[in-house]
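Labels such as "buried", "cavity" or "edge strand" are only as good as the rule behind them. Please take me through the labels on this one and show what earns each.

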Amino acid sequence: MRSLASWCLVLFAGSLLSVSAWADTGIINLGPEEIIKANGKEIVVPGYAAPSFADWNGDHRNDLIIGEGGGGAPGKIRVYLNVGTETDPCFAGFHYVQSDGQNLVFTPDGCMGCFPRVIDWYQNLKDDKYQSHGVDLLVGLADGTVRVYTDSRRGTVELEPGTTPWFNGGTTIKVGSSYSNTLDVGERATPILLDWNNDDELDIAAGGLDGGLHIYYNCGCGGYVPPRFQTSSIDGTFTQANGRDLLVPSGRSSPAVMDVDGDGKKDLLTGNTDGQILFYKNIGTDALPVFAGYTMVQSNGLPIDLAGTLRTRPSICYWTGAKDGYWDLLVGYGDGKIRLYRGIPKLGDLDADGTLDGDDLTILAKALDKQVPVGGSPADLNKDGVVDNLDLRLFADLWLAEHGGDKK
């Protein structure tokens, strides 16, 4: 029996568009800018915003966590709980993160209050002590240091979904032998926690005012968790791009790391002082990232270049959860607003699940020779106002480009 790809090839021989017309351009292009709202009004935090999107209270709906401050405002962390659904987030009021029963407050400096990221400091360790739900916080500070806050109840009670974390006073991250030094990127620390070198241990990658990306390797010294950095220097190891230390133009790097171009290797997105989002493609390996020069991430075909040079701080997320297969981008900025740029489904992926498959062909077949709505139809692949055999031919090209022809 022929595969669907082979069937399409036979049926639509002589397609009008070549496969090469849809080759990767190397440009990351996202949808139009949206400003996130709560209670029907645009969210505007004091000072400079540093957003992320994570399940704060264990109810399986991602929530909006925003670092604020700088520009004269103290550093605090807001939590907007998702009162909508996983696929359609909605926000009402907010509360400030608490530590020792009070608002967690950080000393600001210049353009920065604080840079929070929700993490699992114990990496889902499978023993009785850490099985209950709990979230931890990694927080970058204006002075270049990083602190970690863990839920003080983790392992002592069974936490129910909807439970708000309780944090103690936190711990400053130390590096070096016997933890003799304080992790310090200089100024404006923007840390994330990830397995940088694929050794199954969590490392820290942190941006800073210098524009570099500082890597602190988890040595595993003394145990699997929590992360330990006894072999790292104060300023870590600098990531490389084009054979030299990667330095983001205009400074104030703010990293988000993921395989954004689908080639199986972790890439880098970063904000900067100039209000841009830069994409650094990984030309090394997934376990040893090395980057080429940058390109500017686009929105609706134009580079994201926010006015005022007020420091972009990006965070990769899946805004609609399992609804589609495309990552989205949250961007904090110095005007206190939170911007969302959604991933654009590739041409032919009519159900937006990330893959061209039989479900997309079914959608296309059902739309065939029917009137196209005034607002258009995703099944009208060549945008000529009608769904016909030309769209089927184009779908065949797209299918073959993705699946590589007839595989027996």
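What follows is a set of questions and answers on a predicted model.

Q: What makes D136 count as buried or exposed?
A: Buried means under 20% relative accessible area. D136 has a relative accessible area of 0%. D136 is therefore buried. Its place is in strand 11, residues 136–141.

Q: How do you know that the side chain of D136 makes polar contacts, and with which backbone nitrogens?
A: The cut-off for a pair of N or O atoms is 3.5 Å. The backbone nitrogen of W121 lies 2.8 Å from a polar atom of the D136 side chain. For the backbone nitrogen of D151 the distance is 3.3 Å. Both values are within 3.5 Å, so both pass the distance cut-off.

Q: Why is D357 called a cap of helix 2?
A: A side-chain oxygen of D357 lies 3.1 Å from the backbone nitrogen of D359. That is within the 3.5 Å cut-off for a polar contact. The end capped is the N-terminal one. After helix 2 comes D369, with a positive phi near 65 degrees.

Q: How do you know that the buried residues of helix 2 line one face?
A: Helix 2 covers residues 358–367, and D360, L361, L364 and A367 are buried there. Seen down the helix axis, the buried residues of helix 2 fall within an arc of 125 degrees, so they line one face. The general rule is that an α-helix has 3.6 residues a turn, so residues three or four places apart point the same way.

Q: What makes strand 16 and strand 17 a pair?
A: Two strands pair if there are at least two bridges between them. Five bridges join strand 16 to strand 17, residues 203–207. The two strands therefore pair, and they run antiparallel. One of the bridge partners in strand 17 is A205, which matches I192.

Q: Why are strand 16 and strand 19 said to stand at the edges?
A: Four strands form an open sheet in the order 16-17-18-19, with antiparallel pairing. Strand 16 and strand 19 (237–238) each have a single partner strand, so one side of each is left without a neighbour in the sheet.

Q: How many cavities are there, and what makes a space a cavity rather than a pocket?
A: In a cavity a 1.4 Å probe fits but cannot get out, whereas a pocket is open. The count comes to two cavities of 30 Å³ or more. The largest cavity has a volume of about 50 Å³. The second largest cavity holds about 30 Å³.

Q: How does the lining of the largest cavity divide by class?
A: It has no nonpolar, five polar and four charged residues. Among the lining residues are R188, R252, R311 and R313. Arg counts as charged, so these four go in that class. The second largest cavity has five nonpolar, five polar and no charged residues in its lining. Strand 22 and strand 23 (267–271) each give two or more residues to that lining.

Q: Which class makes up most of the lining of the second largest pocket?
A: The lining has 14 nonpolar, two polar and two charged residues. Nonpolar residues are thus the majority of the 18 that line this pocket. R117, V118, I192, L193 and I316 lie nearest its centre. Strand 22 gives the most to the lining, with four residues. The volume of the second largest pocket is about 490 Å³.

Definitions and conventions. Residues are numbered from 1 along each chain as its sequence is written. This is a predicted model: local features need pLDDT of at least 70, side-chain atom pairs count only at pLDDT 80 or more; totals for chains, interfaces and linings use all residues. Side-chain values use heavy atoms; hydrogens and water are left out. On a 1 Å grid over the protein atoms alone, a cavity is a set of points where a 1.4 Å probe fits but cannot get out, and a pocket is an open set with protein on both sides within 12 Å along at least five of seven lines; lining residues have an atom within 4 Å of a point. Grid points are joined across faces, edges and corners, and a volume is the space filled by probe spheres set on the points. Buried means under 20% relative accessible area, exposed over 50%, partly exposed in between (1.4 Å probe, protein chains only). A polar contact is a pair of N or O atoms within 3.5 Å; within protein, one must be able to donate a hydrogen and the other to accept it, and residues adjacent in sequence count only if both atoms are side-chain atoms. The arc is that of the directions from the helix axis to the C-beta atoms.
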